[in-house]
Amino acid sequence: MACQSVAVVMDEQALLGLNPNADARYRQRAMAYFEQLKESQDAWEVCAEALAKGIYSDDHVKFFCFQVLEHQTKFRHCSLSAVQQQLIRETLMKWLQFQLMNTQPEKAFIRNKAAQVFALTFVMEYLTLWPKFFFDILSLVGLNPHGVDIYLRTLMAIDAEVVDRDILHTPEETRRNTLIKDSMREQCIPSLVESWFQILQTYQQSHPELTCQCLEVVGAYVSWIDLNLIANDRFVNLLLSQMSMEELREEACDCLFEIVNKGMDPVDKTKLVESLCQVLQSAGFFNVEQEEDVDFLAKFSRLVNGMGQSLVLSWTKLAKTGNVKDASETLQAVEAKVPLLLQLLVHEDDDISANIVGFCYEYLHVLKQLPQLTDQQKANIEAIMLAVMKKLTYDDEYNFENEGEDEAMFVEYRKQLKMLLDRLAQVSPELLLEAVRRVFTNTMQNWQTAPFMEVEVAIRLLYMLGEALPAAHGAHFSGDTAKTSALQDMMRTLVSCGVSSYQHTSVALEFFETVVRYDKFFIVEPQHIPGVLMAFLDQRGLRHNSPKVRSRVAYLFSRFIKTLHKHMNAFVEDILTRIQDLLELTPPENGFPALLTSDDQLFMFEAAGILIVNSESPVERKQALMRSLLTPLMDAFRLLLAKLPQETEEERQTALADCLSHAVGFASRTSKAFSNKQTVKQCGCTEVYRDCLQAFLPALSCPVQRSVLRSSVRSFLHRMIICMEEEVLPFVPAASEHMLKDCEAKDLQEFIPLISQITAKFKRQVSPFLQQIFMPLVLAIFEVLARPAEENDQTAALEKQMLRRSYFSFIQTIAGSGMNEVMANQGAENMERIVFTIIQGAVDFPDPIAQKTCFIILTKLVELWGGKDGMVGFPDFIYKHIVPACFLAPLKPTFDLSDAQTVLVLSECALTLKMIHLKRGLEFIQFLQQEYLPSLQVAPEISQELCQVLQQPDVKVLKNYIKAFFQRGKL
């Protein structure tokens with residue numbers, strides 16, 4: 001770190017810490033020094049002096065000094081003295097003067113930071129202290145390249161501060177920015193534009209990087225300055241000449257795009273675009289096929305897209321206002337661009353093609369609005385269709401086995417093309433259907449010899465028709481005869497031509513996706529079901545050599561079975577036999593890779609369950625089939641559960657626990673075929689599920705891997721409550737007891753919904769059980785919430801918040817199920833403790849979701865126990881605690897009345913007050929007027945007003961009043 005002067009006294013030791021390689025002690029000291037300089041009244045001035053005199057040559061120190069000045073300008077400008085403000089201005093200009101004399105420019109990160117400080121100073125002072133900001137800079141810089149660079153960076157930094165719409169500004173800042181722009185338009189914009197022209201002309205050969213910077217500035221500023229300053233012969237000719245220079249052409253293209261994008265009168269916009277197009281065309285830019293520079297063509301495509309969309313917008317405005325002549329001329333201008341659009345859309349480079357999709361989409365939207373299409377417009381539609389079909393095709397380089405960034409980009413691009421296809425279907429469904437049919441039929445006739453990408457795209461187009469030509473609930477094979485017969489023909493061809501044997505993953509996937517999209521076809525022509533089932537079950541589907549295909553087909557198979565189970569009766573047992581090996585639980589020590597993952601197997605078990613339940617077999621046979629499906633799972637579960645506690649290795653334990661969890665999950669998934677207890681009984685399956693419960697519940701007392709095991713058994717219980725109803729109840733007490741031992745926040749949070757489900761479903765039936773479990777559950781929750789956690793542990797804090805919410809919603813379920821005896825019979829001390837937690841939840845924790853629940857509970861408790869024949873001592877509790885909660889919660893600083901969730905809390909709070917009035921009547925009004933509201937220093941007239949509103953029958957009036965009441969109270 002070279003020091004050329006000692007006039008400036010800076011903490012040299014602290015400055016050492018600015019080096020990225022410095023040790024932590026020095027870095028800490030540097031941070032502390034930075035804070036000290038930021039906050040001091042005048043110590044920061046050493047940084048200004050260091051920059052003005054060029055004392056330090058170390059880049060990190062220079063950057064540090066600019067950061068300190070940035071802070072002063074941005075956050076403390078108003079508190080600086082006039083002398084200090086002058087010091088900052090002088091520092092910046094002296095530093096700029098140094099740049100003109102330096103042979104080497106500063107590093108880019110320093111120049112950017114300097115530009116930021118220039119821009120911040122401009123924003124703070126241009127309207128008052130420094131109206132000659134630009135004049136001063138331009139006078140100093142002239143055409144010095146280093147100076148011009150800082151000038152252009154400063155202009156971009158000003159754009160970010162004043163114009164950029166992506167940056168959120170306060171209303172005050174927005175007003176200030178508007179004033180700045182107005183003032184600049186009046187005072188200096190013509191001079192700035194002239195400087196840009198000079199820079200573009202002077203440096204286009206010698207300093208292309210400066211010229212590019214300048215083009216970026218023009219593009220940024222053109223949106224809010226007088227367009228005539230830029231859109232004139234002198235400027236446009238210069239930009240066009242730069243479109244032919246290799247190093248400048250992309251930026252020149254971007255600049256023209258911004259000019260075209262400027263908001264203006266539709267007639268003027270059409271004239272501007274047309275004049276620009278003429279010049280571009282005569283300069284040869286429309287000869288796309290002769291251009292080899294794909295990066296430039298991508299920019300050019302974006303420019304054409306901008307021009308096209310601008311013309312469409314002009315046409316829309318003119319057509320709306322009934323300006324027939326100008327609208328017609330604009331439409332002609334749009335039509336004239338279609339040949340160029342098609343060239344770009346069909347270009348082999350997808351970026352070039354993607355950049356024109358917007359214009360193409362808008363053009364089709366225009367055609368959709370026209371009463372009648374000309375032959376040329378129909379030809380355009382057909383040409384766009386063919387282009388889309390061609391561009392949907394995969395290229396040779398696409399890596400199906402290891403999809404990376406390029407593949408992801410192509411998938412996104414395909415989504416854009418799908419939007420075009422959907423729009424084409426809206427404009428001319430007949431044309432689209434015919435075009436797809438033609439491509440599909442030709443390809444399917446020669447699928448054995450056609451390349452995979454052609455076969456895939458042909459099936460893909462048939463698949464895409466399903467969304468492009470929508471039908472209610474997938475009923476594509478009823479209604480409009482032309483459409484249904486075309487789709488039916490294509491589906492018949494698809495399933496009978498043998499293409500399902502094509503040896504490429506993309507074709508296999510597309511085949512099954514399309515079969516399932518049009519599964520209703522098989523209701524019309526069920527004779528094709530056996531052939532398609534075989535494709536699902538053999539090496540074309542579930543036994544394909546690609547794991548990706550097998551995985552997707554498992555899901556699609558379950559969907560296929562779900563839709564067509566009524567047509568599967570003849571094949572049920574055959575299917576179950578064929579998929580038997582796919583339904584085996586794969587133990588971790590197997591060593592052989594399974595054909596399907598456990599997630600895929602879930603779909604297979606679901607399909608098996610649906611097949612069994614919906615078959616026309618007698619009850620005994622269904623029962624036997626379900627038992628043969630579930631018994632292997634139970635046997636394997638018992639075996640693995642016995643092994644688990646003996647395992648010492650963490651990794652093996654985890655693998656075994658996952659396997660046990662999968663077994664429970666599979667059994668649970670088979671029950672998806674049942675909608676309620678009735679269907680389970682009808683199939684004679686109650687007993688086998690009861691056996692499953694007996695097999696799985698011992699896992700709850702396993703001393704290791706508790707979380708995974710509890711979670712899976714809990715999910716199974718949820719399902720069984722739906723499927724077996726009260727048959728589950730004998731298992732619940734023991735299960736609950738185990739689940740409450742050694743709990744974590746997450747365990748409890750997941751256990752509470754189970755108890756809530758039981759409470760809501762069985763109500764009085766489970767009252768004795770609830771009375772028994774209530775306090776152990778509540779105490780377990782209190783214990784977990786009371787555990788100390790590290791201050792910065794966000795995960796623990798979130799888990800506690802979620803547990804608190806679950807606890808309150810549990811109390812809400814109990815109170816709302818009409819079982820007040822569950823709480824009332826817990827003894828006065830416990831009861832009081834619980835109600836206090838609800839008061840605390842309503843007032844102390846800034847969590848609107850929990851607070852809302854708490855006020856709902858308080859309203860319910862007042863309704864249950866707040867009347868004349870309510871619980872002894874409860875009215876006192878209302879006045880001492882519930883009424884204050886209704887006022888203290890909304891008065892908290894954290895209670896944000898502009899937040900929608902918090903306003904809902906306030907509504908519930910109003911309902912609590914209303915319920916208290918309903919139960920206590922005039923006594924409550926007198927308490928508010930004579931005791932409580934005076935204690936809050938509420939003026940008597942406001943107090944009277946509130947009490948009058950409380951006594952009105954309309955709750956909506958109260959809710960609105962309460963909001964205004966607390967808004968006033970917070971002022």
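Leaving aside neighbours within four places in sequence, which residues is Ala889 in contact with? They are Ala842, Val843, Gln851, Phe855 and Phe895. Contact here means heavy atoms within 4.5 Å.

This is a predicted model, in which local features need pLDDT of at least 70, side-chain atom pairs count only at pLDDT 80 or more, and totals for chains, interfaces and linings use all residues. Residues are numbered from 1 along each chain as its sequence is written, and side-chain values use heavy atoms, with hydrogens and water left out.

## The chain overall

The chain has 46 helices and zero strands. Helices (H or I, at least four residues) and strands (E, at least two) are DSSP runs, numbered from the N terminus. The C-alpha trace spans about 95 × 90 × 65 Å along its principal axes.

The chain holds 971 residues, and 51% of them count as buried. Buried means under 20% relative accessible area, exposed means over 50%, and partly exposed lies in between (1.4 Å probe, protein chains only). Take the contacts in the chain with a separation of 6 or more: residues 24 or more positions apart account for 73% of them.

The exposed area of the chain is about 44200 Å². Carbon and sulfur atoms supply 52% of that area. Accessible areas come from the Shrake-Rupley method with a 1.4 Å probe; for residues, only the protein chains shown count as cover.

Charges come next. The chain carries 93 positive and 122 negative side chains. The centres of the two sets lie 7 Å apart. Lys and Arg count as positive, Asp and Glu as negative; His and the chain ends are not counted. Each charge is placed at NZ of Lys, CZ of Arg, CG of Asp or CD of Glu.

## The nonpolar core

In soluble globular proteins, nonpolar side chains tend to be buried together. In this chain, the largest nonpolar core has 346 residues. A nonpolar core is a set of buried Ala, Val, Leu, Ile, Met, Phe, Trp, Tyr and Cys residues joined through side-chain atoms within 4.5 Å. Met184, Trp196, Phe300, Tyr689 and Phe887 touch the most other members. Not counting residues up to four places away in sequence, Phe300 touches Met243, Cys253, Phe285, Phe286, Val288 and Leu340.

## Residues in helices

Ala889 lies in helix α42 (residues 874-891). Ala889 is buried, with a relative accessible area of 1%. Val843 sits 46 residues from Ala889 along the chain, yet their C-alpha atoms are separated by 4.4 Å.

Ser506 belongs to helix α24 (residues 505-517). Ser506 is buried at 6% relative accessible area. Leaving aside neighbours within four places in sequence, Ser506 is in contact with Tyr394, Phe400, Phe452 and Glu456.

Thr837 is in helix α40 (residues 828-843). Thr837 counts as buried, at 13% relative accessibility. Beyond residues up to four places away in sequence, Thr837 touches Phe782, Tyr807 and Phe808.

Ser506 and Thr837 each have a side-chain polar contact, listed below. A polar contact is a pair of N or O atoms within 3.5 Å; within protein, one must be able to donate a hydrogen and the other to accept it, and residues adjacent in sequence count only if both atoms are side-chain atoms.

| Side chain | Partner side chain | Polar contact |
|---|---|---|
| Ser506 | His504 | 2.9 Å |
| Thr837 | Tyr807 | 2.7 Å |

Met534 is in helix α26 (residues 529-537). Met534 is partly exposed, with a relative accessible area of 29%. Outside its neighbours up to four places away in sequence, Met534 touches Arg540 and Arg578. Val260 is 274 residues from Met534 along the chain, and their C-alpha atoms are separated by 58 Å.

## Residues in loops

Gly684 is found in the loop between α32 (677-682) and α33 (686-696). Is Gly684 buried or exposed? Gly684 is buried, because its relative accessible area is 17%. Leaving aside neighbours within four places in sequence, Gly684 is in contact with Val619 and Gln623. Glu329 is 355 residues from Gly684 in sequence and 75 Å away in space, C-alpha to C-alpha.

Two other loop residues have positive phi values without being glycine. Phi of Glu725 is near 50°. Glu725 lies between α34 (706-724) and α35 (732-739), and is partly exposed at 21% relative accessible area. Phi of Lys763 is near 40°. Lys763 lies between α36 (745-762) and α37 (767-786), and counts as partly exposed at 39% relative accessibility.
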